[in-house]
Amino acid sequence: MKTDNSAGRSTDWKTLVLDVVRRLPRTFSLNDVTAHEDFFRRHYPRNNFIAAKIRQSLQILRDQGTLLFLGNAHYQRIDGDPKFSPLVNFDIGKDYVSASQLARVAVETWAELNLYCVNCSVRELTRLPDNTRVRDFVCTSCQTGYQLKSLQGRFGGKLTGAAYGPTIEAVREGLMPEHILVEYDRRFSTVVWVHAYPGQLITEERVIPRKRLSETARRKGWQGCTIDLSDVPKVALAAPTHQDEEIVRENWRAVQSKARRSAR
Ligand SMILES: [Zn+2]
């Protein structure tokens, strides 16, 4: 879905790159896509990594089976729906200053290309601006909000959350987004497990304040939180075996109705 950037919303990279690719001949080069830099810049005027984002999106579209890589920076379009891919492209190079920033951007791009709404039949989630309160993605159809968390390796039950104040406020106002946890393996550039947790099951006692940052810290006085997700019912969106979208949504509805019963 296209959105008006002047309203502060932007279309995700997958849609933008596909938009351009669909207007090109079936066989095209990387330069044919980057030649449309002005088009991308209109959507992301403050993004300094447009060329890297284009390359990364093309590679993931290739991993998804939407494009065929012909070699020598040439691609061929395969018409049809993109397929789910567990592959994460961590090879986005020197544009990112730290390894953790690089990993976060790589997983977010994977999420833009592969995640879908568990509450309705929409097959993509739309990235929200970086400073959006306690949510990273939204379904533009049913308005469900999603918070994405990712980590290398396995998750022990406790998650590092965002700022404590806004998080506890969101819980009290009943506005906690669904939480999606991505466990990935850098060695194989792949997601291993991806689980969705219902936001309504993240209650006040599960949000644990952390110590305020010291006076000498860059963000002095800032207070984060830990979210305890141990024993919260969850649904696997990706696992070492393929998960069918419709079965995932069915499992999600079962978890949701269990959550509603326990809330009564
Ligand atoms: Zn939805």
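Domain bounds come from an automatic or database domain assignment. This is a predicted model, in which local features need pLDDT of at least 70, side-chain atom pairs count only at pLDDT 80 or more, and totals for chains, interfaces and linings use all residues. Residues are numbered from 1 along each chain as its sequence is written.

**Exercise 1.** Into which domains is the protein chain divided, and how many residues does each give to the contact?

*Solution.* Step one: the chain splits into domain 1 (1-114) and domain 2 (116-264). Step two: their C-alpha centres are 24 Å apart. Step three: 12 residues from domain 1 and 15 residues from domain 2 form the contact (C-beta atoms, placed from the backbone, within 7 Å).

**Exercise 2.** Which residues of helix α1 are buried?

*Solution.* First, the terms: helices are DSSP runs of H or I with at least four residues, strands are runs of E with at least two, and both are numbered from the N terminus. Buried means that 20 or more other C-beta atoms, placed from the backbone, lie within 10 Å of the residue's own. In α1 (residues 13-23), Trp13, Lys14, Leu16, Val17 and Val21 are buried. These residues pack against elements including α4 (50-63) and β3 (74-77).

**Exercise 3.** At what angle do α1 and α4 pack?

*Solution.* Start with the numbers: the angle is about 85 degrees, and the axes are 10 Å apart. Therefore α1 and α4 are roughly perpendicular (65 to 115 degrees). Finally, find the partners: Trp13, Lys14 and Val17 of α1 meet Lys53, Ile54, Ser57, Leu58 and Leu61 of α4.

Notes. A residue is buried if 20 or more other C-beta atoms lie within 10 Å of its own, exposed if 12 or fewer, and partly exposed in between; C-beta atoms are placed from the backbone. Two residues are in contact if their C-beta atoms, placed from the backbone, lie within 7 Å. Axes are lines fitted to C-alpha atoms, for helices over the stretch in contact, and angles run from 0 to 180 degrees between N-to-C directions. Angles under 35 degrees count as roughly parallel, over 145 as roughly antiparallel, 65 to 115 as roughly perpendicular and the rest as oblique.
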